[in-house]
Amino acid sequence: MKILAIETSFDEAGLAIVEYEQKGTTTTIEVLSDTLFSQAKEHEEYGGVYPTLAKQIHAKNLTSLLTRTLTEAHLYTTTDTSEVSGEKLLEIQTILEREPEMYAQLAGLLVTIRRPDIDAIAITRGPGLEPALWIGIGFAKALSVAWDIPLTPVNHMEGHVAAALAVQSPKENRKKFIIEQPKLPALALLISGAHTELILVKDWLHYKKIGSTRDDAIGEAYDKAARLLGFPYPGGPKISQLASEAREENLDQPYSLPRPMLTTDDFDFSFSGLKTAVRTLVESIETPTEIQKKQIAREFDDAAIEVLVRKTKNAIEAHAVQTLIVSGGVSASAHIRANLEKLTKEYEDMSFYVPSLDLATDNGRMIVFAAAIHNSPTAPAEDILATGNLSL
Ligand code: KG4
Ligand code: ZN
């Protein structure tokens, strides 16, 4: 099976094409192409992702990303006679009614290329920013009509899980992956710019959310802390970097920030108090020096990690977990990975999965991986609606 995936839930547009084979609960995947357009620069001045802008940029870029994705997968063939009928173009125009420019670009491409050999189109239906999600969904529906290819709706969070479980095989081949059912029960800690969740997987491909943030997501807190220290969006990686410099340089630790909900008897998180504490601290210092910025970043990082580790540990013990999966943009932090991996070593034979760095933040491959482990179940186009708060 060959699938094309389209991901536009937030500020990255990711497209990917894979070919996969499934035997039982093992899926062998070859990535044929993978393209990404990150909008981080465009949102820098807003200090976060501005939904209307995200949507507009996705709409402007998807057609050229598709051209690149098909070309890279050797599925781009031009033709002098359009394979898409006028009737179909009208139908596509109706689907993309609100995005006339995207329609014009896409129609321009569709009439000049051959139908690619693709069996399904995987599309993120949520969670995420609805205006951004709708662009990807409209685009996928248009392609589905043009080429008579069924649609497979995907939950973005399952994409993060699949990205962590995808093991490069053979190890040196960055295009070939195997996803196997891990030892169950498994626990997924999903930490991103929009989510902080603990998900229990008792049965393969069945998920139960057992904990989540009551306010800000962890990545959001990293980004806000970075902003308070004067760094552009998304500043999470900068905080991680300054914190590790503070550790390497053995700087004093003069500040202390709260560990919200550390000792509560649940698996929930809260990060808005931590962010507010950073604001109060920065305001009291007025203009922090480079050294002070490193010290604050380290204390923030320590506080966030302590909470993550404690809650994850509680969940592991409460549910006799055998596999820990950590994924989402914030899992790109080496220190967070190291601390969670260390936690798993406290238990005999516990498996630990994190995505490779390029699969930690949003991308198209994670969506296609999630579709592949389910063997691409299809759904009628009219049932695929952008769902901002979709849960696993
Ligand atoms: O999963 P993702 O790409 O997008 C969402 O679905 O939200 O996650 C993006 C988040 C941002 O908040 C970014 O600052 C954070 O992941 N992030 C990091 C690191 N790399 C990315 N946070 C801390 N340390 C990092 N190294
Ligand atoms: Zn994400």
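**Group meeting talk: a zinc site, a pocket and some backbone details**

Leucine 229 sits in the loop between α7 and α8. Helices here are DSSP runs of H or I with at least four residues, strands are runs of E with at least two, and both are numbered from the N terminus. Leucine 229 is buried, at 3% relative accessibility. The cut-offs: buried is under 20% relative accessible area, exposed is over 50%, and partly exposed is in between, with a 1.4 Å probe and protein chains only. The C-alpha of leucine 229 is 9.7 Å from that of lysine 294, and the two residues are 65 apart along the chain.

Some ground rules. This is a predicted model, where local features need pLDDT of at least 70, side-chain atom pairs count only at pLDDT 80 or more, and totals for chains, interfaces and linings use all residues. Residues are numbered from 1 along each chain as its sequence is written, chains are lettered from A and ligands numbered from 1 in the order in which they are written, and side-chain values use heavy atoms, with hydrogens and water left out.

Now the overall fold. The protein chain has 13 helices and twelve strands. Its radius of gyration is 22 Å, close to the 21 Å from the globule rule for 392 residues, so the chain is as compact as a globular protein of that length. That radius is taken over C-alpha atoms, and the rule is 2.2 Å times the number of residues to the power 0.38. The C-alpha trace spans about 70 × 45 × 35 Å along its principal axes. Of the 392 residues, 55% are buried.

Next, the metal. Which residues are the protein donors of the zinc ion, ligand 2? They are His156 through NE2, His160 through NE2 and Asp362 through OD, lying 2.1 to 2.2 Å from the ion. A donor is an N, O or S atom within 2.8 Å of the metal (3.2 Å for Na, K and Ca); water is not among the atoms, so sites may look incomplete. Along the chain, the donors follow H-x3-H-x201-D. Histidine 156 belongs to helix α6, while aspartate 362 is in the loop between α12 (357-360) and α13 (364-373), so the pair ties together parts that are 206 residues apart in sequence. Histidine 156 is buried at 5% relative accessibility. Aspartate 362 is buried too, with a relative accessible area of 12%.

Geometry next. The site of the zinc ion has four donor atoms, with angles of 91 to 152° among them, and is irregular. For reference, four donors are tetrahedral if all angles lie between 85 and 135 degrees; four are square planar and six octahedral if opposite donors are over 155 degrees apart and all others between 65 and 115; anything else is irregular.

On to the largest pocket. It holds about 540 Å³ of space. The closest to its centre, of 28 lining residues, are Ser192, Gly193, Gly329, Val330 and Thr361. Three elements give two or more residues to the lining: α6 (156-165), α7 (218-228) and α8 (236-248). A pocket is an open set of points on a 1 Å grid over the protein atoms alone, where a 1.4 Å probe fits, with protein on both sides within 12 Å along at least five of seven lines; lining residues have an atom within 4 Å of a point. Points are joined across faces, edges and corners, and the volume is the space filled by probe spheres set on them. By class, the lining has eleven nonpolar, 13 polar and four charged residues. Nonpolar means Ala, Val, Leu, Ile, Met, Phe, Trp, Tyr, Cys and Pro; charged means Asp, Glu, Lys and Arg; the others, Gly among them, are polar.

Now the backbone. The peptide bond from glycine 126 to proline 127 is cis, with omega near -10°. Proline 127 is in the loop between β4 (120-126) and α5 (130-147). The bond from leucine 184 to proline 185 is also cis, with omega near 0°. Proline 185 is in the loop between β7 (176-179) and β8 (186-191).

Positive phi next. Histidine 74 has phi near 55°. Its loop runs between α2 (51-72) and α3 (86-95), and histidine 74 is exposed at 72% relative accessibility. Leucine 205 has phi near 70°. Leucine 205 is in the loop between β9 (196-201) and β10 (208-212), and is buried at 18% relative accessibility.

Last, alanine 297. This residue is in helix α10 (residues 290-318), buried at 0% relative accessibility. The C-alpha atoms of alanine 297 and alanine 225 are 8.0 Å apart, with their positions 72 residues apart along the chain.
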